[in-house]
Amino acid sequence: MEVTKIFTFDSAHNLTEYKGKCERLHGHTYKLEVTVRGTPDKEGMVIDFGDLKQLVTEKVIKKLDHHYLNEVLGFNTTCENMITWMWDVLSPHLDTKRYRLKSITLWETPTSFARISRE
């Protein structure tokens, strides 16, 4: 079974110490889709949506600020770079005996997105 949680976030709300330095993220609204594939437990759940929401919020969305992306990670904040970073951050937490991270899709605009998936 596959389950998908969709997150929408405005990166401008997550910028700290902005001061005009991070134009690539400022003002963008992203849609993030995280899909997990696994075997349902006896209650029929693969993963609790609340747990998935908390994990993605803490490990990814709250870290999308100028200092972390540009000074700590030191990469150009393109959609492709961001999604690769997201996969690296989330996969250790979402690869268990019962379920695995299947795909991440990051929509930068309604018609532009990057996707990483595992077969």
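**Exercise 1. Strand pairing**

Which residue in β3 does L32 stand opposite? Place the pair in the sheet of this predicted model.

*Solution.*

Step 1. L32 stands opposite L106 in β3.

Step 2. Strands β2 and β3 are antiparallel and pair over eight bridges.

Step 3. On the β1 side, L32 is the bridge partner of F7. The residue I6 stands opposite E33 in β2. Strand β1 (residues 2-10) and β2 are joined by nine bridges and run antiparallel.

Step 4. The four strands form an open sheet in the order β1-β2-β3-β4, with antiparallel pairing. Its edge strands are β1 and β4 (112-117), each of which pairs on one side only. From one strand to the next, the twist averages 15 degrees.

Step 5. Strand β2 (residues 29-38) is mostly covered, with seven of its ten residues buried.

**Exercise 2. Order of elements and helix placement**

How many helices and strands does the chain have? Set out their order, then state which strands α2 and α4 lie across.

*Solution.*

Step 1. The count is four helices and four strands.

Step 2. Starting at the N terminus, the order of elements is β-α-β-α-α-α-β-β.

Step 3. Helix α2 lies across β1 and β2, and its direction makes an angle of about 40 degrees with β1.

Step 4. Helix α4 (residues 79-94) lies across β1, β2, β3 and β4, at about 155 degrees to β3.

**Exercise 3. The buried side of α2**

Which residues of α2 are buried, and what do they pack against?

*Solution.*

Step 1. The buried residues of α2 are L52, L55 and V56. They lie on the same side of α2, because the arc they cover around the axis is only 90 degrees.

Step 2. The general rule behind such spacing is that an α-helix has 3.6 residues a turn, so residues three or four places apart point the same way.

Step 3. The buried residues of α2 pack against β1, β2 and α4.

Step 4. At the N-terminal end, α2 is capped by D48: one of the side-chain oxygens of D48 lies 2.8 Å from the backbone nitrogen of G50.

**Exercise 4. A residue in a loop**

Is V60 buried or exposed? Locate V60 in the chain and list its contacts beyond four places in sequence.

*Solution.*

Step 1. V60 sits in the loop between α2 (49-59) and α3 (66-72).

Step 2. The relative accessibility of V60 is 0%, so V60 counts as buried.

Step 3. With neighbours within four places in sequence left aside, V60 is in contact with L55, W85, M86, V89 and L90.

Step 4. V60 and M82 are 22 residues apart along the chain, and their C-alpha atoms are separated by 9.6 Å.

**Exercise 5. T105 and F113**

With which side chain does the side chain of T105 make a polar contact? Contrast the accessibility of T105 with that of F113.

*Solution.*

Step 1. T105 belongs to strand β3 (residues 99-109), while F113 is found in strand β4.

Step 2. The side chain of T105 makes a polar contact with the side chain of R115, at 2.8 Å.

Step 3. Not counting residues up to four places away in sequence, T105 touches K31, L32, E33, I83, F113, A114 and R115.

Step 4. Because its relative accessibility is 3%, T105 counts as buried. F113 has a relative accessible area of 41% and is therefore partly exposed.

Step 5. Leaving out neighbours within four places in sequence, the contacts of F113 are T105, L106, W107 and E108.

Step 6. From F113 to I83 the C-alpha distance is 9.7 Å, across 30 residues of sequence.

**Exercise 6. Totals for the chain**

What percentage of the 119 residues of the chain count as buried? Add the figures for contacts and surface.

*Solution.*

Step 1. Of the 119 residues, 39% count as buried.

Step 2. Among the contacts in the chain with a separation of 6 or more, 62% come from residues 24 or more positions apart.

Step 3. The chain has an accessible surface of about 6,900 Å², and 49% of this surface belongs to carbon and sulfur atoms.

How values were computed: Residues numbered from 1 in each chain as written. Predicted model: local features only at pLDDT ≥ 70, side-chain atom pairs only at ≥ 80, totals over all residues. Heavy atoms only, no water. Helix = DSSP H or I, 4+ residues; strand = E, 2+ residues; numbered from the N terminus. Buried < 20%, exposed > 50% of the residue type's maximum accessible area, 1.4 Å probe, protein only. Contact = heavy atoms within 4.5 Å. Polar contact = N/O pair within 3.5 Å; in protein donor to acceptor, adjacent residues only side chain to side chain. Pairing = 2+ DSSP bridges. Axes fitted to C-alpha atoms, helices over the stretch in contact; angles between N-to-C directions. Areas by Shrake-Rupley, 256 points an atom, 1.4 Å probe, with all protein chains shown as cover. Arc of directions from axis to C-beta.
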